Amino acid sequence: MKIIVGLGNPGSKYLFTRHNLGFMIIDALSESSAFQTKYKSQIQKIEIQNKPLLLVKPQTFMNLSGQAVREIISFYKIALEDLLVIHDDKDLAFGTMKFQKSRGHGGHNGIKNIHQELKSQDYIRLKMGVAGEKNFEQDTSDFVLSAFSEKERENLTDFLNKAVRAIECFVVEGFNQASSQFNSKELI
């Protein structure tokens, strides 16, 4: 089984912010809105081409995401190479994405906490670009907690669909194939 974790913040206040892109992608992957609450997370089991997945939305707030991830990894005894963490990245243009593994946190506090809790960075990440035209005019936390621009909202469904295709490729064909197909500078 693979565990797919989408990072975000719980609560309606954060629902459609850039920082909640991970939650949005988990919702796009899910088969229903019926999530169970366990391990400090909302979870749902699904399959993609007969491959079992556990979808996870940590409910610990972004900066403590590692607590939930550690609990789930420990309970299911999943190897780190079967963990995919999806998160926003303010340094990638909106509409782009990048699979990475065994990399530093790059200043992302949710990823930093996961590294600390797992005592490792040897897992796979899908970085989702959220950089926009106002990216450098705002403090980082204000920017990632802001809503998408009108133009970005027009393209958000396409971006989420592209992310779902990327994750399906990762699950079925593996990290190398998914990286080769979806790591690009092309917008959506």
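How much surface does the chain expose, and what share of it do carbon and sulfur atoms supply? The chain exposes about 9,200 Å², and 47% of that comes from carbon and sulfur atoms. Keep in mind as you look around that this is a predicted model.

Let's start with the overall build. The chain has 6 helices and 7 strands. If you walk along the sequence, you meet them in the pattern β-α-β-β-β-α-β-β-α-β-α-α-α. Draw a box along the principal axes, and the C-alpha atoms fill roughly 45 × 30 × 30 Å. Is that what you'd expect from a ball-like fold? A compact globule of 188 residues would have a radius of gyration near 16 Å, and the chain's 15 Å agrees with that.

Now peek inside. Of the 188 residues in the chain, 53% are buried. You can also ask who touches whom: among contacts between residues at least 6 apart in sequence, 69% join residues at least 24 apart.

Next, the charges. The chain carries 24 positive and 22 negative side chains, and the centres of these two sets lie 5 Å apart. Some charged side chains pair up, and the structure holds 7 salt bridges. Let's visit a few of them.

One of them joins the side chains of D82 and K2, with 3.0 Å from N to O. D82 sits in the loop between helix 2 (65-76) and strand 5 (83-93), while K2 belongs to strand 1 (residues 2-6), so this pair ties together parts that are 80 residues apart in sequence. The two partners also sit in different surroundings: D82 has a relative accessible area of 22%, so it is partly exposed, whereas K2, at 18%, counts as buried. Those two numbers fall on either side of the cut-off, because buried means under 20%.

Another salt bridge brings together the side chains of D89 and K127, at 3.2 Å from N to O. Here too, distant parts of the chain are linked: D89 is in strand 5 and K127 is in strand 7 (residues 124-131), 38 residues apart. And where do the two partners sit, buried or exposed? Both D89 and K127 are buried.

For a last stop, find D91 and K90, whose side chains meet in a salt bridge with 3.2 Å from N to O. D91 has a relative accessibility of 55%, so it counts as exposed. K90 comes in at 29%, which means it is partly exposed.

Terms used. Residues are numbered from 1 along each chain as its sequence is written. This is a predicted model: local features need pLDDT of at least 70, side-chain atom pairs count only at pLDDT 80 or more; totals for chains, interfaces and linings use all residues. Side-chain values use heavy atoms; hydrogens and water are left out. A salt bridge is a side-chain nitrogen of Lys or Arg within 4 Å of a carboxyl oxygen of Asp or Glu. Helices (H or I, at least four residues) and strands (E, at least two) are DSSP runs, numbered from the N terminus. Buried means under 20% relative accessible area, exposed over 50%, partly exposed in between (1.4 Å probe, protein chains only). The radius of gyration is taken over C-alpha atoms; the globule rule is 2.2 Å times the number of residues to the power 0.38. Contact means heavy atoms within 4.5 Å. Accessible areas come from the Shrake-Rupley method with a 1.4 Å probe; for residues, only the protein chains shown count as cover. Lys and Arg count as positive and Asp and Glu as negative; His and the chain ends are not counted. The place of a charge is taken as NZ of Lys, CZ of Arg, CG of Asp or CD of Glu.
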